Amino acid sequence: MTAAIKSLFENIIFLSTITSLCVAQVLKMIIYLITSKTKSTQEAVETMIWRTGGMPSSHSAIVCALATSTGIKEGIASNFFIFSLVLAMVVLRDSMGVRRAAGLQAKAINNLGKQVMEKTDIVFHLVKEIQGHTPLEMIVGALLGILIAVVFYFV
């Protein structure tokens with residue numbers, strides 16, 4: 001078992017992908033600390049560990065590092081690259097489009113629910129507002145993932 005774990009951490013595809021995730025999340029925390037008016041250690045740690053959305057997109061960084069490093073190692077004609085490229089396309093579309101639209105709809109529903117509660121005795125429970133990515137967050141995450149994969153192979 002230890003040989004398998006060792007080989008995993010010697011795999012450049014795995015390392016560049018995981019590094020992209022970590023770098024994106026650390027950058028997200030740093031940006032939060034710079035831009036947030038109410039800075040708290042708990043909020044910063046939560047942002048780094050499991051909050052979705054924000055700059056840069058870790059979803060984009062991961063799948064672009066995966067596709068780039070797979071393309072470099074296996075070649076762009078390989079089935080592995082094609083699979084990772086299609087996966088990246090789906091994740092990029094979802095992180096920017098579907099999740100963002102769902103978050104905007106949840107926000108609108110919450111606003112309507114609050115208005116109804118103010119005018120009636122009906123109790124409204126807020127729905128979770130999933131924060132998707134803006135195009136800029138997605139592009140920066142994608143470029144970050146590509147850059148990290150290239151650095152792992154050529155530097």
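A residue counts as buried under 20% relative accessible area, as exposed over 50%, and as partly exposed in between. The exercises below apply this to a predicted model.

**Exercise 1.** Determine whether I72 is buried, exposed or partly exposed, and state which helix and which surface patch hold this residue.

*Solution.* Begin with the location: I72 lies in helix α4. Next take the relative accessibility of I72, which is 32%, and set this value against the two limits; I72 therefore counts as partly exposed. Finally, turn to the surface, where I72 joins I139, L143, I146, L147, V150, V151, F154 and V155 in a nonpolar patch of about 820 Å². The largest share of this patch, seven residues, comes from α6.

**Exercise 2.** List the residues of the largest nonpolar core, and work out which helix gives the most to this core.

*Solution.* The first step is to name the members: the core has nine residues, namely V63, C64, A67, F81, A88, V91, L92, M138 and A142. The second step is to assign them to helices, whereupon α4 (58–74), α5 (79–119) and α6 (135–154) are each found to supply at least two residues. The third step is to weigh the contributions, and here α5 gives the most, with four residues. As a closer look at one member of the core, consider V91, which, once its neighbours within four places in sequence are left aside, is in contact with H59 and V63.

**Exercise 3.** Establish how many disulfides the model contains, and describe the surroundings of C22 and C64 in terms of sulfur distance and accessibility.

*Solution.* Recall that a disulfide is a covalent bond between the sulfur atoms of two cysteines. The criterion applied here asks for a pair of cysteine sulfur atoms within 2.5 Å, and by this rule the count comes to zero. For C22, the nearest cysteine sulfur is that of C64, 17 Å away, and C22 is in no disulfide. With 41% relative accessibility, C22 counts as partly exposed. C64 is likewise in no disulfide, the nearest cysteine sulfur being that of C22; at 9% relative accessibility, however, C64 counts as buried.

**Exercise 4.** Locate S16, decide whether this residue is buried or exposed, and identify which residues S16 is in contact with beyond its neighbours within four places in sequence.

*Solution.* S16 is found in helix α2, which spans residues 12–35. Its relative accessibility is 0%, so S16 counts as buried. With the neighbours within four places in sequence left aside, the residues in contact with S16 are A65, S69, I148, A149 and F152.

Technical notes: Residues numbered from 1 in each chain as written. Predicted model: local features only at pLDDT ≥ 70, side-chain atom pairs only at ≥ 80, totals over all residues. Heavy atoms only, no water. Core = buried A, V, L, I, M, F, W, Y, C linked by side-chain atoms within 4.5 Å. Buried < 20%, exposed > 50% of the residue type's maximum accessible area, 1.4 Å probe, protein only. Contact = heavy atoms within 4.5 Å. Patch = residues over 30% accessible without salt bridge, like charges linked within 9 Å, V, L, I, M, F, W, Y side chains within 5 Å. Areas by Shrake-Rupley, 256 points an atom, 1.4 Å probe, with all protein chains shown as cover. Salt bridge = Lys/Arg side-chain N within 4 Å of Asp/Glu carboxyl O.
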